[in-house]
Amino acid sequence: MSGHSKWATIKRKKAALDAKKGKIFTKLIKEITIAARHGGGDPEGNPRLRLAIDNAKAANMPAENIERAIKKATGELEGATYYEVIYEGYGPGGVALMVEAATDNKNRTVAEIRHIFSRNGGSLGESNSVAWMFERKGIITVKREGKSEDEMLEIILEAGADDLQTEEEFFEVTTSLESFDKVRKALAEKNLNIENASLQWVAKNHISVKGEDAEKLMKLIDSLEDCDDVQNVYSNADFIDM
């Protein structure tokens, strides 16, 4: 199993801070809305919606918020129409970035994203300029709660997962798109505490960044994540000595 990049730990801490700020609720509601609009409001027949609802519940979102988001998506209630957009670009140190956004105004969002890149030493690229450096994977974060790495390995390999990365407080399980739902269900059946499960853009190879480049890159990523329309930011950075 591969070694763990510090970026995963940084992202997790950032996500915890976002949750405290309440920003995570906005992102989850947008994901629920988009999932319901594309695949219908019944989670039993819409795997993406089922996943979005599970993540919302894990973040302690009230049930009425979830129900309201679904009804807005299906037209039972009035609400904004969100569009999914992916932006690609480069940051300090030549690091590639993939930015997922959900917006009701594409022109506004692309202008803001371009401004954030240029203001922080990066450049917004064309479609597919960096996407070839990433692949779509399932990522499931599970609290350790006393379980050993060997025990976890046995569970995930039997379920068909690809990789396991171990940190002090959590495991990060990587799966293919095809086995993602199966592995998630297998972990749930073992009564493991799933903190988050999502489909992400995972870099095929990483670029080491440190010092001033690392600081500038983190500032760029923080600025992108602070944008109201941005859902997720992915990079191929491996932060050294942070």
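1. Arg136 is partly exposed, at 27% relative accessibility. This is a predicted model. Arg136 forms a salt bridge with Glu100, with the closest N and O atoms 3.0 Å apart. Glu100 sits in strand S2 and Arg136 in strand S4 (residues 134–143), so the bridge ties together parts 36 residues apart in sequence. The acid of this pair is buried: Glu100 has a relative accessible area of 13%, and the cut-off for buried is under 20%.

2. Glu100 also marks a point of strand pairing. Across from Glu100 stands Asn232 in S9. Strand S2 (residues 96–103) and S9 run antiparallel and are joined by 5 bridges. Is strand S9 enclosed by the rest of the structure, or left open? S9 (residues 230–235) is largely enclosed, because 5 of its 6 residues are buried.

3. Now the sheet that holds both strands. The sheet is open and has 4 strands, in the order S3-S1-S2-S9, with antiparallel pairing. Strand S3 (123–124) and S9 stand at the edges. Each has a single partner strand, so one side of each lacks a neighbour in the sheet. An edge place in the sheet goes together, for S9, with burial of 5 of its 6 residues.

4. Next, the pairing of S1 with S2. Strand S1 (residues 83–90) runs antiparallel to S2, and 8 bridges join them. Val85 stands opposite Ala101 in S2. Helix H5 (residues 106–119) packs on the sheet and touches S1, S2, S3 and S9. The direction of H5 makes about 20° with that of S1. When reading side chains off these strands, recall that in a regular strand they alternate between the two faces of the sheet.

5. Which residues of the largest nonpolar core touch the most other members? They are Leu97, Val99, Ile113, Leu217, Leu224 and Phe239, out of 21 residues in that core. S1, S2, H5, helix H8 (211–226), S9 and strand S10 (237–239) each supply at least two core residues. H8 gives the most, with 6 residues.

6. Leu217 deserves a separate look. Leaving aside residues up to four places away in sequence, Leu217 touches Gly91, Pro92, Val95, Leu97, Val209, Ala237 and Phe239. Two of these contacts, Leu97 and Phe239, are themselves named with Leu217 as touching the most other core members. Apart from the largest core lies another, of 18 residues. Its members include Ile140, Ile156, Val173 and Ala186.

7. On charges, the structure holds 13 salt bridges. Arg48 pairs with Glu31, the closest N and O atoms being 2.7 Å apart. This pair links distant parts of the chain: Arg48 is in helix H3 (residues 47–58) and Glu31 in helix H2 (residues 23–39), 17 residues apart. Both ends are partly exposed, Arg48 with a relative accessible area of 31% and Glu31 at 24% relative accessibility.

8. A pair within one helix follows. Lys71 forms a salt bridge with Glu67, with the closest N and O atoms 3.2 Å apart. The two are 4 residues apart in helix H4 (residues 63–74), so about one helical turn separates them. Lys71 is partly exposed, with a relative accessible area of 28%. Glu67 is partly exposed too, at 44% relative accessibility.

9. Salt bridges also form a network. It links Arg50, Asp54, Asp181, Arg184 and Lys185.

10. Where does Ser176 lie? Ser176 is in the loop between strand S6 (170–175) and helix H7 (180–189). Despite the loop position, Ser176 counts as buried, at 18% relative accessibility. A polar contact of 2.9 Å joins its side chain to that of Ser179. Beyond four places in sequence, Ser176 touches Lys137 and Asp162.

11. Lys137 comes up again with Val202. Val202 is in strand S7 (residues 194–203). Val202 is partly exposed, with a relative accessible area of 23%. Not counting residues up to four places away in sequence, Val202 touches Met133, Phe134, Glu135, Lys137 and Ile139. Val202 and Tyr234 are 32 residues apart in sequence, and their C-alpha atoms are 7.3 Å apart in space.

Definitions and conventions: Residues are numbered from 1 along each chain as its sequence is written. This is a predicted model: local features need pLDDT of at least 70, side-chain atom pairs count only at pLDDT 80 or more; totals for chains, interfaces and linings use all residues. Side-chain values use heavy atoms; hydrogens and water are left out. Buried means under 20% relative accessible area, exposed over 50%, partly exposed in between (1.4 Å probe, protein chains only). Two strands pair if DSSP finds at least two bridges between them. A salt bridge is a side-chain nitrogen of Lys or Arg within 4 Å of a carboxyl oxygen of Asp or Glu. A polar contact is a pair of N or O atoms within 3.5 Å; within protein, one must be able to donate a hydrogen and the other to accept it, and residues adjacent in sequence count only if both atoms are side-chain atoms. Contact means heavy atoms within 4.5 Å. Axes are lines fitted to C-alpha atoms, for helices over the stretch in contact, and angles run from 0 to 180 degrees between N-to-C directions. A nonpolar core is a set of buried Ala, Val, Leu, Ile, Met, Phe, Trp, Tyr and Cys residues joined through side-chain atoms within 4.5 Å.
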